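Ready for a few warm-up exercises on a helical fold? Have a look at the chain below, then try each task before you read its solution.

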Amino acid sequence: MIDLKPYAQFSTLLIFGNIENLILASQGAVAHVNPFILGGLSIIAVIIWLLLGTYGTKLAIKYADYIEIFGGVAIIILGVQSMLEAMGL
């Protein structure tokens, strides 16, 4: 069985990252992007992040607190930017 305890520190990034993915997908829908291209690119991005997360976590676990802070700030900034762009501001 896989021990998920070391990865628990990154759980908030996982949650907010998924919310950010939904925001970016809705922004693509508002911009009338081809849904098949958008879906394909999303799947490729998820696979890349899965690989980076799986192997990078082992190297970066000692910096987990810093990564979570910077990742959370980046997700919030990108989310606000996407929402403002979608509203035409």
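Here are some exercises, each with a worked solution.

This is a predicted model, so to speak of local features takes pLDDT of at least 70, side-chain atom pairs count only at pLDDT 80 or more, and totals for chains, interfaces and linings use all residues. Residues are numbered from 1 along each chain as its sequence is written, and side-chain values use heavy atoms, with hydrogens and water left out.

**Exercise 1. Work out the overall layout of the chain.**

Step 1: count the elements. You should get three helices and zero strands, where helices (H or I, at least four residues) and strands (E, at least two) are DSSP runs numbered from the N terminus.
Step 2: read the order. From the N terminus on, it goes α-α-α.
Step 3: box it in. Along the principal axes, the C-alpha atoms fill roughly 40 × 25 × 20 Å.
Step 4: check burial. Of the 89 residues, 16% count as buried (buried is under 20% relative accessible area, exposed over 50%, partly exposed in between, with a 1.4 Å probe and protein chains only).

**Exercise 2. Find where the predictor's confidence is lowest and where it is highest.**

Step 1: take the chain as a whole. Its mean pLDDT (the predictor's confidence in each residue, from 0 to 100) is 77, and 91% of the residues reach 70 or more.
Step 2: go helix by helix. Confidence bottoms out in α1 (residues 11-30) at a mean of 74, and peaks in α3 (residues 64-86) at 82.

**Exercise 3. Describe α1 and the loop after it.**

Step 1: pick two residues of the helix. F16 sits in α1 and is partly exposed, at 44% relative accessible area; L22 also belongs to α1 and is exposed, at 62%.
Step 2: get some distances. F16 and V30 are 14 residues apart along the chain, with 21 Å between their C-alpha atoms. For L22 and K62, 40 residues apart in sequence, the C-alpha separation is 29 Å.
Step 3: move on to the loop between α1 and α2, where you'll find H32. H32 has a positive phi of about 60 degrees, though it isn't a glycine. Most residues other than glycine have a negative phi. H32 is also exposed, at 72%.

**Exercise 4. Follow α2 from its start to its kink.**

Step 1: look at the start. A side-chain oxygen of N34 comes within 2.9 Å of the backbone nitrogen of F36.
Step 2: trace the axis. Helix α2 (residues 35-60) has a kink of about 30 degrees centred on T54; the bend is the angle between axes fitted to the seven residues ending there and the seven starting there.

**Exercise 5. Place F70 and say how accessible it is.**

Step 1: locate it. F70 lies in α3.
Step 2: check accessibility. F70 is exposed, with a relative accessible area of 62%.

Terms used
Polar contact = N/O pair within 3.5 Å; in protein donor to acceptor, adjacent residues only side chain to side chain.
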